[in-house]
Amino acid sequence: MKTFTFFLSLFFCISASMSAQHVYTWEEYGISFDLAEDFKEVVNNSEEFSAEGDGMSLSIIPFADADIDDADITAYTIEAAAAMNFSRIDGVSPITINGFKGGYAEVAGDGVKVFVMGLIDPDSDTNFFIVITFADGDALATEEAIAICQGLSKM
């Protein structure tokens, strides 16, 4: 019974921490995204948004290119992932998410895992690279990183 009570308590703590979210808006680029309340802004200017949370970091880097398409951003994303020189690169997967198109890759090595996502906005010349870093093997961080990516949207 004690084991069941412990796991039930742990479940509620994890659920509460994952549901406590703060919505950020980057009006200059017309996007919003959700981060857990433990994230704190490190950089917030026209060239980058970065925040750090418990065991995770996030950076969003915008760039302008009206001629880029789905194939280009996928190729750029794999190049960015390869440039990190990690021991493992999972292939780029194409994605369409909340009005954006692009691709993402997972890289890992030395106990660190990184999600690299390249997104284009088909309706503008503003595009983004999103980089989320956390400990490799941290299942909770993996789920939180996925939630961050899914919560990114155009305003």
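This is a tour of one structure in a viewer, selection by selection.

**The whole chain**

Start with everything shown as a cartoon; the model is predicted. The protein has three helices and ten strands. Colour from the N terminus on, and the elements follow in the order α-β-β-β-β-β-α-β-β-β-β-α-β. The protein has 155 residues, and buried ones make up 37% of them. For contacts between residues at least 6 apart in sequence, 45% join residues at least 24 apart.

**The aromatic cluster**

Next, show the side chains of Y24, W26, Y29, F33, F49, F100 and F128, which ring pairs link into a cluster. The whole structure holds nine aromatic pairs. Zoom in on F33 and F49, whose pair is edge-to-face because the ring centres are 5.0 Å apart and the planes stand at 70°, where over 60 degrees is needed. This pair links distant parts of the chain: F33 belongs to strand β2 (residues 31-36) and F49 to strand β4 (residues 49-53), with their positions 16 residues apart in sequence. F33 counts as buried because its relative accessibility is 1%. F49 is buried too, with a relative accessible area of 2%.

**A second ring pair**

Now select F115 and F134. Their ring centres are 5.5 Å apart and their planes are at 85°, so this pair is edge-to-face. Here too the pair links distant parts of the chain, with F115 in strand β8 and F134 in strand β9 (residues 126-135), 19 residues apart. F115 is buried at a relative accessible area of 6%, and F134 is buried at 2%. Keep F115 displayed for the pocket further on.

**K154 and F100**

Go back to F100 in the cluster and add K154. K154 lies over the face of the F100 ring, at 6.0 Å from the ring centre.

**P62 and its contacts**

Select P62, which is in strand β5 (residues 56-64). Is P62 buried or exposed? Its relative accessible area is 13%, and the limit for a buried residue is under 20%, so P62 is buried. Then show what P62 touches beyond residues up to four places away in sequence: W26, Y29, S46, E47, E48, N127 and F128. W26, Y29 and F128 are also on the list of cluster members. Add T126 and draw a distance between the C-alpha atoms: P62 and T126 are 6.6 Å apart in space, yet 64 residues apart in sequence.

**The second largest pocket**

For the next stop, select I95, I97, Y104, E106, F115, M117, I146, C149 and Q150, the lining of the second largest pocket. F115, from the second ring pair, is part of this lining. The volume of the pocket is about 180 Å³.

Which elements each supply at least two residues of the lining? They are β6 (88-97), β7 (100-109), β8 (112-120) and α3 (139-151). Of these, α3 gives the most, with three residues. Colour the lining by residue type: seven of its residues are nonpolar, one is polar and one is charged.

**D70**

Keep I95 from the pocket lining on screen and add D70, which is in helix α2. D70 and I95 are 25 residues apart in sequence, and their C-alpha atoms are 9.3 Å apart in space. Apart from neighbours within four places in sequence, D70 is in contact with K101 and I120. D70 counts as partly exposed because its relative accessibility is 37%.

**Two asparagines with positive phi**

The last stop is about the backbone. Most residues other than glycine have a negative phi. Select N85, in the loop between α2 (70-83) and β6. N85 has a positive phi, near 55°. At 68% relative accessibility, against a limit of over 50%, N85 counts as exposed.

Then move to N98, in the loop between β6 and β7. Its phi is positive as well, about 50°, although N98 is not a glycine. Is N98 exposed or only partly exposed? N98 counts as partly exposed, because its relative accessibility is 39%.

Methods:
Residues are numbered from 1 along each chain as its sequence is written. This is a predicted model: local features need pLDDT of at least 70, side-chain atom pairs count only at pLDDT 80 or more; totals for chains, interfaces and linings use all residues. Side-chain values use heavy atoms; hydrogens and water are left out. On a 1 Å grid over the protein atoms alone, a cavity is a set of points where a 1.4 Å probe fits but cannot get out, and a pocket is an open set with protein on both sides within 12 Å along at least five of seven lines; lining residues have an atom within 4 Å of a point. Grid points are joined across faces, edges and corners, and a volume is the space filled by probe spheres set on the points. Helices (H or I, at least four residues) and strands (E, at least two) are DSSP runs, numbered from the N terminus. Ala, Val, Leu, Ile, Met, Phe, Trp, Tyr, Cys and Pro count as nonpolar, Asp, Glu, Lys and Arg as charged, and the others, Gly among them, as polar. Buried means under 20% relative accessible area, exposed over 50%, partly exposed in between (1.4 Å probe, protein chains only). Contact means heavy atoms within 4.5 Å. Rings of Phe, Tyr and Trp (its six-membered ring) pair if their centres lie within 6.5 Å; planes under 30 degrees apart count as stacked, over 60 as edge-to-face and the rest as tilted. A charge sits over a ring if NZ of Lys or CZ of Arg is within 6 Å of the ring centre and within 35 degrees of the ring normal.
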